[in-house]
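Colleague: I would like to learn how to read a structural model feature by feature. Could you take me through one?

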Amino acid sequence: MNGFIGEFFGTMVLITLGAGTGASFNLNKAYAQGANWLYVSLSWGLAVTMGVYTAGVLGSAGHLNPAVTIGFAVAGLFKWSLVVPYLLGQFLGAFVGAAIVIIHFYPHFKATKTEEEGNQVGIFATVPAISAPIWNFLSEVIATFFFVFILLNLGNFTQGLKPLIVGLVITVVGTALGSTTGFALNPARDWGPRLAYTILPVPNRGRTHWEYAWVPMCGPLVGGIAASLLEVALLK
């Protein structure tokens, strides 16, 4: 199905493990509650690794990210005819992955009564450490630029140990550049789970902060396109 199946299941794996990390980190009575930023960054990196492996075996290029798919397509590195199936797989897979996390951690959501206790949209999506929308946008542009630029120099990153390298790239981007905005890097990773937290019956749900959601949508797209165009220019 033109990569839809691979992107759907790969992104579902990514979000189940990534948002599961967020739930473990935030929710009351979870054993990992209050773990540190390295735990978060490393776990998200491994979540991406497992998602890329899954997507590659199921027949897609393992993008799992509209910033990669659209960036590659704009630069002529990916067929435009495949963009819509890839995007559908990514956003739907992200939503389903978040729904699985809600089910898995349901008693912990019930035990976490307020945002202050940890029942917050940051489990699923991103929120800035300091609310400064233009600077938050630039942070997402910069972080995604470096992620995609490195990715482009890995070749076929679904093969062999390369998905592990992709995960390590995510980890170092998270530790180095991600502490300002939570390093969305990926519109589907943010919007699909944010929508799930908004519309599904989550006990004690906190605010969903859709007023901020343009940042993790637009910033990664700009960063991904810029990195892809630069790579093509350098290789001419």
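Modeller: Gladly; we will go through enclosed space, an open pocket, ring contacts and a helix in turn. Please keep in mind that this is a predicted model.

Colleague: Let's begin with the enclosed space. How many cavities of 30 Å³ or more does a search of the whole structure find?

Modeller: A cavity is a space where a probe fits but cannot get out. Here the search finds 1 cavity of 30 Å³ or more, and about 190 Å³ of space lies in it. Its lining has 20 residues, and Leu14, Val48, Asn65, Ile170 and Asn186 are the closest to the centre.

Colleague: Which elements give two or more residues to the lining of the largest cavity?

Modeller: Those are helix H2 (37-57), helix H6 (133-152) and helix H7 (162-177). H2 gives the most, with 3 residues. As for chemistry, the lining divides into 14 nonpolar, 5 polar and 1 charged.

Colleague: Now the open kind. What is the volume of the largest pocket, and which residues are the closest to its centre?

Modeller: A pocket, unlike a cavity, is an open set of points. The largest pocket here has a volume of about 340 Å³. It is lined by 20 residues, with Trp37, Val40, Gly122, Ala125 and Gly182 the closest to its centre. H1 and H2 each supply at least two residues of this lining, and the largest share, 4 residues, comes from H1. The pocket lining divides into 10 nonpolar, 9 polar and 1 charged.

Colleague: H1 has come up, so let me ask about it. Why does the distance between the end C-alpha atoms of helix H1 agree with its number of residues?

Modeller: The idea is to compare an expected span with the one in the model. Helix H1 (residues 4-26) has 23 residues, which at 1.5 Å a residue should span 33 Å; the end C-alpha atoms are 32 Å apart, so the two agree. H1 is also mostly covered, with 17 of its 23 residues buried.

Colleague: And the aromatic rings? How many aromatic pairs are there?

Modeller: The count comes to 10 aromatic pairs. To classify a pair, look at the angle between the planes: over 60 degrees is edge-to-face, under 30 is stacked. Phe78 and Tyr86 are edge-to-face, at 4.8 Å centre to centre with 65° between the planes. Phe78 counts as buried because its relative accessibility is 13%, and Tyr86 is buried too, at 4%.

Colleague: Why is the pair of Phe137 and Trp214 stacked?

Modeller: Their planes are at 25°, so the pair is stacked, with ring centres 5.8 Å apart. Phe137 lies in helix H6 and Trp214 in helix H9 (residues 214-235), so this pair ties together parts that are 77 residues apart in sequence. Phe137 counts as buried at 19% relative accessibility, whereas Trp214, at 34%, counts as partly exposed.

Colleague: Which residues do ring pairs link into a cluster?

Modeller: Phe4, Phe8 and Phe9 are linked in that way. A ring can also have a charged group over its face: Arg194 lies over Trp210, at 5.9 Å from the ring centre.

Colleague: One last residue. Where is Pro187 found, and is it buried or exposed?

Modeller: Pro187 is found in helix H8 (residues 187-199). With a relative accessible area of 0%, Pro187 is buried. For a distance along and across the fold, take Pro187 and Tyr106: they are 81 residues apart along the chain, and their C-alpha atoms are separated by 25 Å.

Notes:
Residues are numbered from 1 along each chain as its sequence is written. This is a predicted model: local features need pLDDT of at least 70, side-chain atom pairs count only at pLDDT 80 or more; totals for chains, interfaces and linings use all residues. Side-chain values use heavy atoms; hydrogens and water are left out. On a 1 Å grid over the protein atoms alone, a cavity is a set of points where a 1.4 Å probe fits but cannot get out, and a pocket is an open set with protein on both sides within 12 Å along at least five of seven lines; lining residues have an atom within 4 Å of a point. Grid points are joined across faces, edges and corners, and a volume is the space filled by probe spheres set on the points. Ala, Val, Leu, Ile, Met, Phe, Trp, Tyr, Cys and Pro count as nonpolar, Asp, Glu, Lys and Arg as charged, and the others, Gly among them, as polar. Rings of Phe, Tyr and Trp (its six-membered ring) pair if their centres lie within 6.5 Å; planes under 30 degrees apart count as stacked, over 60 as edge-to-face and the rest as tilted. Buried means under 20% relative accessible area, exposed over 50%, partly exposed in between (1.4 Å probe, protein chains only). A charge sits over a ring if NZ of Lys or CZ of Arg is within 6 Å of the ring centre and within 35 degrees of the ring normal. The expected span of a helix is 1.5 Å times one less than its number of residues.
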